[in-house]
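Here are some comments to read beside the model, set out point by point for someone who has not seen it before.

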Amino acid sequence: MGKIEIPYGLPDAGGVQNRPEKLELPPFGAPPGPDGEAAFPPPPPGPDVPFLPAVTIGKDGVVEKPVEEASLSGSFSEGEAKDVSIQCSRPGINGIYIKDGIHYEMENVEIRFQGDGFNDFDGNGAGIEAAGNTDVVLEDAMVETTGVIRPCTVARDYATLTVRNAVLVGNGGTLKPDEPRRPGPGMRQPPEGLGIGGNCRTHLSMGNSHAYFYDSKIIADGWAALSTDACKGDLYLEANNCEVIVRHSGYATYSDNGAYVVLNSCKMDTEIGAILAGECMAEINHCKVEARDCLAMVHSVMGNTSEVGQLSVTGGNIHTGKECIRVKSQNAYLDLRSAALQSDSGVLLHSIVNPDAFATKVKEGEKVYGIKAVLSDMDLSGDLVHEDTDRTMTVCLKHTSLTGGVQGAILCLDGASIWTADKESQVFLKKDGEEQGQVDALEGVVIHAQSDYLPEGETILPSGGKLAVG
């Protein structure tokens, strides 16, 4: 076993210790290459697509511009709209576009669109878009879109969007078999490095917008149900008592660089629960999650090595097909409390080297924050596997029992915790206060350990296994 380097700080249940000073967020867009050239080529020229909302609402009032392929009905007045119905089969048409910093409420709304959108970063093709500094409330709504990059709702700039008792369905569309993937505005499918499919995000938050969802159902065929992108540092997205469904390959939510995402008492049926990218935060509180892949994937692309993705999971019942949490070449602070975690793969936490060509690289000899996890008030069964060669992984157990193997991680246990190894393990056992938790191993299992508090030598443990320190 190679020597495990001690990190320069350990987490505790109250927050992050010795965290690097937060840097300014990079500007939106790909960073330049070494000689100043753009990191990605400009998008190929496309059709000259006008921005055509069926209804525009702003400081000058309500402007209706229905097109030949659309039907529009309902009552629009200053400050509110009721009993609205918009149906359209023409690609790229927007439904309701609210701008100019006004407050506007909409109730009993039905929007059904067919045909592709053209740029979801611009909200082009969205059912409802809140832009500028608007405050928009949507209640009792059904919004369904069928088409590539055809979002149901978009919140951008400094807008606040509140959605209550709504059903949002993004069915996606059909891509050409050989259509290339490309990042940035106008992309028609997710970046290849995410390892997912689909071609539509049901909801998209951008800029410094704030979006709140209550008692709603958000359905995506693939790619994303509740997505964030192009964040400016004060983006907030929250879902409460919602059902979030991703039918095929994609994620329930995404916390992009500069975003804070919170899901409370939600039910998720998805491939990936949440993806965290760069300097971001996400909370999953008292949720029931069925994830065919993982609960959360944490990564960094085209970023800097000071970024830390922060994930908090409190309560709830979580079942995953693969590891519960996957960290790909990224610094992470993970705070998991009182949650029921079950992984079909038998792995709770897994760090790997990110195979993505655009993964943030650590320079040789550079010290980074690493991966630090606090597992509190839980009875857990599963492995901790650390395979990221650029950073350490430290896991602290607080009032927690863990049965599983540990590979390559630093482990500390408070006096009320116990770790029972059920397979051969390689670990650094670090002191955590005056009272240490119990280390055990099943009969026939050997724990190969280094330690800052245990003497060198071999010890037979209570369950018959062996602890070999040295």
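**Notes on a strand and a cavity**

1. Strand E14 (residues 223-231) is joined to E17 by 3 bridges, and the two run parallel; strands here are DSSP runs of type E with at least two residues, numbered from the N terminus, and two of them pair if DSSP finds at least two bridges between them. Within this pairing, Leu226 stands opposite Thr253 in E17.

2. The model is predicted, so local features need pLDDT of at least 70 and side-chain atom pairs count only at pLDDT 80 or more, while totals for chains, interfaces and linings use all residues. Residues are numbered from 1 along each chain as its sequence is written, and side-chain values use heavy atoms, with hydrogens and water left out.

3. E17 also pairs with strand E20 (residues 272-277), again in the parallel sense, over 4 bridges, and here Tyr254 stands opposite Ile275 in E20.

4. Strand E17 (residues 250-255) is largely enclosed by the rest of the structure, because 6 of its 6 residues are buried, that is, under 20% relative accessible area with a 1.4 Å probe and protein chains only.

5. The largest cavity (a set of points on a 1 Å grid over the protein atoms alone where a 1.4 Å probe fits but cannot get out) holds about 70 Å³ of space, the volume being that filled by probe spheres set on the points, which are joined across faces, edges and corners.

6. Residues lining the largest cavity, meaning those with an atom within 4 Å of a point, include Cys324, Leu336, Leu349 and Ala373. Strands E27 (331-337), E29 (347-352) and E30 (371-376) each supply at least two residues of this lining.

Definitions and conventions
1 Å grid on protein atoms, 1.4 Å probe; cavity = no way out; pocket = protein on both sides within 12 Å on 5 of 7 lines; lining within 4 Å. Buried < 20%, exposed > 50% of the residue type's maximum accessible area, 1.4 Å probe, protein only.
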